Amino acid sequence: CLMIKSVFNAYSKYYDLLYLDKDYIGEAKYVEKQLKNNGINKGDILEFGSGTGKHGRLLAESGYKVHGIELSSEMVDLAEITEGFSCQQGDICNISMERKFDAVISLFHVVSYQVSNDELESVFYNAANHLDSDGIFIFDFWYSPAVYNNIPSVRIKKMSDDTVDITRIAEPNMYLNENRVDVEYTIFARDKNSGEFDRFSESHSIRHLSLPEIDIFASKTGFKRICSEEFLTGKKPGPDTWGVCVVLKKT
């Protein structure tokens, strides 16, 4: 998992602005619905890949106690600690909190950043080790049928606030035999006050997954899949479903 840290170190500076249009409130409500569907109306949640803490803080406002693990120390520095939400730097593949939680959640395709079988297996085992009996593991990921049906293409995104204009170019490269897409990001940022430009590039490797793959990892690590649906909408996954959410129950 360690390579992810370097990926997000520079990216973290503009992370919240780049995803200003992301529906964090709707996503947190969706996760809360999944929790309540499984009888978890309150309790302790461990979040794998907590970023700057937006999902965790929203769930904390709903009465949960959320502790986040984030590999990027820059992201942790940007996270606001509030009542019911805390976070720390750590590797979700092997960190041990030495206590149990009612649920483990991992959002925004964090699981898909585990590109090797060994990394995925480690994350699944670590989730199981941190769960009470009958605890659940909720995560979303890139769905293989959609990736093959809608070949990723170059995309340009522009965002701005009072201080900076950002242009991000995303250029994908597919590795068919590895179920992997490497996205080359080039980011241009212009400081509105000074007129100075900041330019940097990063490569994000993303593993897309099928439900049979998920079931293999789940069975091997002491889980059973009890729900699989399109993230947010709850629809049945199909050839255009990029983001699938699954709920695994500890057995």
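**Exercise 1.** In which helix is Lys220 found? State what Lys220 contacts, and how Lys220 and Lys249 are placed.

*Solution.* The model is predicted.
- Step 1: Lys220 belongs to helix α8, which covers residues 211–220.
- Step 2: Leaving aside neighbours within four places in sequence, Lys220 is in contact with Glu121 and Tyr125.
- Step 3: Lys249 lies 29 residues from Lys220 along the chain, and the C-alpha atoms of the two are separated by 13 Å.

**Exercise 2.** Count the helices and strands of the chain, and check the radius of gyration against that of a compact globule.

*Solution.*
- Step 1: The chain contains eight helices and 11 strands.
- Step 2: For 251 residues, a compact globule would have a radius of gyration near 18 Å.
- Step 3: The radius of gyration of the chain is 18 Å, so the two agree.
- Step 4: For the extent along the principal axes, the C-alpha trace spans about 55 × 45 × 30 Å.

**Exercise 3.** Describe the open sheet of four strands, and explain why β6 and β9 each have one side without a neighbour in the sheet.

*Solution.*
- Step 1: Write down the strand order, which is β6-β7-β8-β9, with antiparallel pairing.
- Step 2: Find the edges: β6 (155–160) and β9 (197–207) stand there.
- Step 3: Each of these edge strands has a single partner strand, so one side of each is left without a neighbour in the sheet.
- Step 4: From one strand to the next, the twist averages 20°.
- Step 5: Recall that strands of a sheet pair through backbone hydrogen bonds, either parallel or antiparallel.
- Step 6: Take one pair in detail: β8 (residues 180–191) and β9 are antiparallel and pair over 11 bridges.
- Step 7: Across from Phe197 in β9 stands Arg190.

**Exercise 4.** Classify the arrangement of helices α3 and α4, and sort the residues of their contact by type.

*Solution.*
- Step 1: Helix α3 spans residues 24–37 and helix α4 spans residues 54–61.
- Step 2: Their axes come within 9 Å and cross at roughly 60°.
- Step 3: Angles under 35 degrees count as roughly parallel and those from 65 to 115 as roughly perpendicular; α3 and α4 are therefore oblique to each other.
- Step 4: The crossing of α3 and α4 is right-handed.
- Step 5: On the α3 side, the contact is made by Tyr24, Ile25, Glu27, Ala28, Val31 and Glu32. On the α4 side, Lys54, His55, Leu58 and Leu59 take part.
- Step 6: Sorted by type, the residues of this contact are six nonpolar, one polar and three charged.

Definitions and conventions: Residues numbered from 1 in each chain as written. Predicted model: local features only at pLDDT ≥ 70, side-chain atom pairs only at ≥ 80, totals over all residues. Heavy atoms only, no water. Pairing = 2+ DSSP bridges. Helix = DSSP H or I, 4+ residues; strand = E, 2+ residues; numbered from the N terminus. Axes fitted to C-alpha atoms, helices over the stretch in contact; angles between N-to-C directions. Parallel < 35°, antiparallel > 145°, perpendicular 65-115°, else oblique. Left-handed = near helix turned anticlockwise from the far one by under 90°. Contact = heavy atoms within 4.5 Å. Nonpolar A, V, L, I, M, F, W, Y, C, P; charged D, E, K, R; others polar. Rg over C-alpha atoms; globule rule 2.2 N^0.38 Å.
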